[in-house]
Amino acid sequence: MTDEDLSQAAKSLIAAHSDRSPIPPLTDTYPGLTVAAAYDIQLRQVAQWTAEGRVIRGHKVGLTSTVMQRQLGVDQPDYGHLFADMFHLETLPIDTSTFISPKVEPEIAFVLERPLTGPGVTVADAISAIDYVLPALEIIDSRIADWKITLADTIADNASSAGVVLGSTPAYLDRCDLRLTGCIVHQGGEVVGTGAGGAVLGSPINALVWLANTVGPLGITLDAGSVIMPGSLTAAVAVTPGQSVTATFDGIGSVTAHFAPQETA
């Protein structure tokens, strides 16, 4: 892809974000799109958004579980950026009209006490950098029409990031084994998903290590105070306007996302 192609792809995704009008898969428009080029497209959008005043508050790792890789037809993790305006409070209804085709994923969020910079970050380094964990729900959305994505498509689309809801009770690593932490997801009073922390690259901590070592060579540091979303414990759940989604994590607590009813004309 030429520099002009990369710039045009970034502009198309930015417009899709703003207008909530999905675009065809970038891999159809640009058949030679590589993972490296897709990250270039993502970072061009990040640069424009930060220039416009949006503030980065963390990062996400996506596609860390086999079930999510199978659901979206990809075979390796990816990462994206989390902005301050993506965070929603549990107590306030979320307007579904601000998304295109949203889904929800239960995750164990890390809050860092110290920065992490790769390459060379170990599991021990990651554990030492973590302040506490929170029960969390990530809202994912695709600016690619009908979720017809390849790995390169979702990377270019900021790893399909759209929103985050954090629980408000911190838990500490010495009181829980994240690999064995079970999770149950309810929507509209029904169980719609179950999973465990071990589904996330064997442990969510491994996802944090992967992230630090992947973004470090690009000059990106995971800053103290950052929220890191390491990946989903279950398959993503499609959002239904007017219904809430609750994820309950053994030994960590629960978190609920309230979605506002669809407005009628």
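Is Asp40 buried, partly exposed or exposed, and what is its relative accessible area? I looked this up at the start, and Asp40 turns out to be partly exposed, with a relative accessible area of 29%. A reminder to myself: this is a predicted model.

**Entry: around Asp40**

I checked what the side chain of Asp40 meets, and I found a salt bridge with Arg44 at 2.4 Å, N to O. Both residues belong to helix H3, which covers residues 35–51. They are four residues apart there, about one turn of the helix. Arg44 counts as partly exposed as well, at 25% relative accessibility. I then followed the contacts outward and noted that Asp3 joins Asp40 and Arg44 in a network of salt bridges.

**Entry: other salt bridges**

How many salt bridges does the structure hold? I get eight, and I picked out two further ones for a look.

Glu113 and Arg114 form one of them, with their closest N and O atoms 3.9 Å apart. The cut-off is 4 Å, so a pair at 3.9 Å is counted. I have Arg114 as partly exposed at 41% relative accessible area, and Glu113 as partly exposed at 44% relative accessibility.

Next I turned to Arg143 and Asp157, whose side chains meet in a salt bridge at 2.8 Å, N to O. Why does this pair tie together separate parts of the sequence? Arg143 lies in the loop between strand S5 (130–140) and helix H6 (151–156), while Asp157 lies in the loop between H6 and strand S6 (161–166), so the parts tied together are 14 residues apart in sequence. I also checked burial here, and both Arg143 and Asp157 are buried.

**Entry: aromatic pairs**

I searched the whole structure for aromatic pairs and came away with three. One of them is Tyr39 with Tyr79, a stacked pair at 4.5 Å centre to centre and 15 degrees between the planes. This pair links distant parts of the chain, since Tyr39 sits in helix H3 and Tyr79 in strand S2 (residues 78–83), 40 residues apart. Both Tyr39 and Tyr79 are buried.

Trp49 and Phe83 make an edge-to-face pair, at 5.7 Å centre to centre with 85 degrees between the planes. Here too helix H3 and strand S2 are linked: Trp49 is in H3, Phe83 is in S2, and they are 34 residues apart. Trp49 counts as buried at 6% relative accessibility, and Phe83 counts as buried at 0%.

**Entry: a charge over the rings**

Which residue lies over the face of Trp49? I found Arg54 there, at 5.0 Å from the ring centre. The charged end of Arg54 also sits over the ring of Phe83, 4.2 Å from its centre.

**Entry: a four-stranded sheet**

I finished with an open sheet of four strands, which I read in the order S8-S7-S11-S12, with antiparallel pairing. Why is one side of S8 and of S12 left without a neighbour in the sheet? S8 (190–196) and S12 (253–258) stand at the edges and have a single partner strand each, so one side of each has no neighbour in the sheet. I noted the twist too: neighbouring strands are turned by 15 degrees against each other on average, direction ignored.

Last, I looked at how S12 pairs with S11 (residues 244–249), and I count six bridges in the antiparallel sense. For a register mark, I wrote down that Thr246 stands opposite Thr256 in S12.

Conventions. Residues numbered from 1 in each chain as written. Predicted model: local features only at pLDDT ≥ 70, side-chain atom pairs only at ≥ 80, totals over all residues. Heavy atoms only, no water. Pairing = 2+ DSSP bridges. Helix = DSSP H or I, 4+ residues; strand = E, 2+ residues; numbered from the N terminus. Axes fitted to C-alpha atoms, helices over the stretch in contact; angles between N-to-C directions. Buried < 20%, exposed > 50% of the residue type's maximum accessible area, 1.4 Å probe, protein only. Phe/Tyr/Trp six-rings, centres within 6.5 Å; stacked < 30°, edge-to-face > 60°. Lys NZ or Arg CZ within 6 Å of the ring centre and 35° of its normal.
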